[in-house]
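Read the following with the sequence and the coordinates open side by side. The text starts with strand pairing and then moves from one part of the chain to another.

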Amino acid sequence: MISDFTYLKPGSVKEALQMMADHEEEYKIICGGQSLLILMRQGLVSPEYLIDLKGLNEANYLTYDAKNGLKIGATCTHRAVEKSAVVKKEYPVLVEMEEKLASIQVRNWGTIAGNLAHGDPAGDPAPVLIALGASVKVASAKGERTIALEDFYPDLFETAMETGEIIVEIQVPPRPAKSGTKYQKFNLLDSDMGMVAAAATITLNADGTCKDARIVLGSAAPTVMRAKEAEKVLIGAKFDDAVFEKAGEAAAAECDPSADIHASVEYRRHLVKVLSKRMAKAAWEQAKISG
Ligand SMILES: Cc1cc2nc3c(=O)[nH]c(=O)nc-3n(C[C@H](O)[C@H](O)[C@H](O)COP(=O)(O)OP(=O)(O)OC[C@H]3O[C@@H](n4cnc5c(N)ncnc54)[C@H](O)[C@@H]3O)c2cc1C
């Protein structure tokens with residue numbers, strides 16, 4: 001059962017930040033409620049005040065330009081990202097990821113910022129956005145700061161946000177030339193959370209060797225993590241199945257999965273190896289044909 005709370009509906013981001021400053025430890029932000037309401041129903045979270053961002057149209061935007069890249073406001077839904085023509089053209093991996101996230105109903109109401117703020121290591125957007133080099137702009141009544149998304153998760157279900165801060169914008173830099181990004185999660189039911197997930201970005205030199213690599217894993221450690229040893233295997237290498245195999249093995253060795261009712265530690269490591277190998281190869285193939 002959900003405990004009683006006072007519902008607050010700010011008329012602007014500024015007003016929301018002031019409400020948060022006024023109620024300090026006693027509030028919780030709600031946006032789509034697709035994750036928060038489950039926690040409240042289970043009695044895991046019982047805020048005295050719920051501050052609802054949902055109606056803040058000033059934060060409901062998605063913009064792109066070639067110099068600054070993609071900017072996604074706090075109240076922009078998963079579905080708006082999925083259906084954006086510019087996202088499909090510039091960052092097709094984000095559309096592919098959103099199409100497999102939950103159901104249309106959840107995507108219609110839930111936000112990508114709320115997903116990142118929830119801090120679930122099985123969440124789909126974080127690995128993809130880290131592979132794309134994204135940051136989040138957070139704000140409080142005292143001001144704003146920008147945090148690289150790869151530094152946003154200190155521990156399981158924890159974020160680098162302080163009390164009084166919210167995510168106001170997700171920022172994705174323009175895609176480098178000759179680069180590709182791919183993502184896959186492994187699950188038994190389509191659109192379910194991944195048992196393990198891997199995202200890869202590969203950027204190529206003019207001679208076709210790997211200039212830069214990012215391998216990012218979901219559900220493979222207490223937080224979403226970069227597989228830096230696997231990245232080292234790829235950087236400087238030529239396209240070669242033996243290299244992808246070695247990168248997959250490195251990722252499996254450096255991840256830190258736990259066992260649960262879905263999978264053992266050993267099975268998750270196996271999935272990390274297979275998905276990292278496949279995504280590195282797929283991203284490389286996309287980079288070869290990209291402008
Ligand atoms: C049936 C179902 C299936 C799902 N399947 C998947 C799946 O396959 N993959 C996946 O990744 N996710 C899945 N989810 C989770 C869901 O996609 C997201 O976590 C959800 O969209 C979060 O957005 P929201 O706006 O609903 O956030 P809310 O539930 O309103 O908030 C979530 C958390 O973030 C905080 N918060 C919200 N907005 C902000 C902000 N701007 N700044 C700071 N804090 C904020 C809240 O205080 C709360 O702690 C599923 C959810 C459901 C109900």
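Two strands pair if DSSP finds at least two bridges between them. The model discussed here is predicted.

Strand E3 covers residues 49-52 and is a useful place to begin. Strand E2, residues 27-30, pairs with E3 in the parallel sense over 4 bridges. Within this pairing, Lys28 has Leu50 of E3 as its bridge partner. E1 also runs parallel to E3, and 3 bridges join them. Here Thr6 stands opposite Tyr49 in E3. In general, strands of a sheet pair through backbone hydrogen bonds, either parallel or antiparallel.

Which way do the side chains of E3 point, and are they buried or exposed? Tyr49 and Ile51 point one way from the strand, whereas Leu50 and Asp52 point the other way. All of these residues are buried.

Ile51, in strand E3, can be followed further. Ile51 counts as buried because its relative accessibility is 0%, and the cut-off for buried is under 20% relative accessible area. Neighbours within four places in sequence aside, the contacts of Ile51 are Leu8, Pro10, Ala16, Met19, Met20, Tyr27, Lys28, Ile29 and Ile30. Cys31 is 20 residues from Ile51 in sequence, and the C-alpha to C-alpha distance between them is 8.4 Å.

The surface offers another view. Phe5 sits in the segment before strand E1 (6-8). With a relative accessible area of 34%, Phe5 is partly exposed. Together with Ile2, Tyr7 and Leu37, Phe5 forms a nonpolar patch on the surface. The accessible area of these four residues together is about 330 Å².

Further along the chain there is an open sheet of 4 strands, in the order E9-E10-E11-E12, with antiparallel pairing. Why do E9 and E12 each have one side without a neighbour in the sheet? Strand E9 (179-186) and strand E12 (225-226) stand at the edges and have a single partner strand each, so one side of each is left without a neighbour. For E12, the pairing with strand E11 (residues 210-218) is antiparallel, over 2 bridges. Leu217 has Met225 in E12 as its bridge partner.

A helix packs against this sheet: H11, residues 265-289, lies across E9, E10 and E11. The helix runs at about 30 degrees to E10, which is the strand of residues 196-204.

Terms used: Residues numbered from 1 in each chain as written. Predicted model: local features only at pLDDT ≥ 70, side-chain atom pairs only at ≥ 80, totals over all residues. Heavy atoms only, no water. Contact = heavy atoms within 4.5 Å. Axes fitted to C-alpha atoms, helices over the stretch in contact; angles between N-to-C directions. Patch = residues over 30% accessible without salt bridge, like charges linked within 9 Å, V, L, I, M, F, W, Y side chains within 5 Å. Areas by Shrake-Rupley, 256 points an atom, 1.4 Å probe, with all protein chains shown as cover. Salt bridge = Lys/Arg side-chain N within 4 Å of Asp/Glu carboxyl O. Buried < 20%, exposed > 50% of the residue type's maximum accessible area, 1.4 Å probe, protein only.
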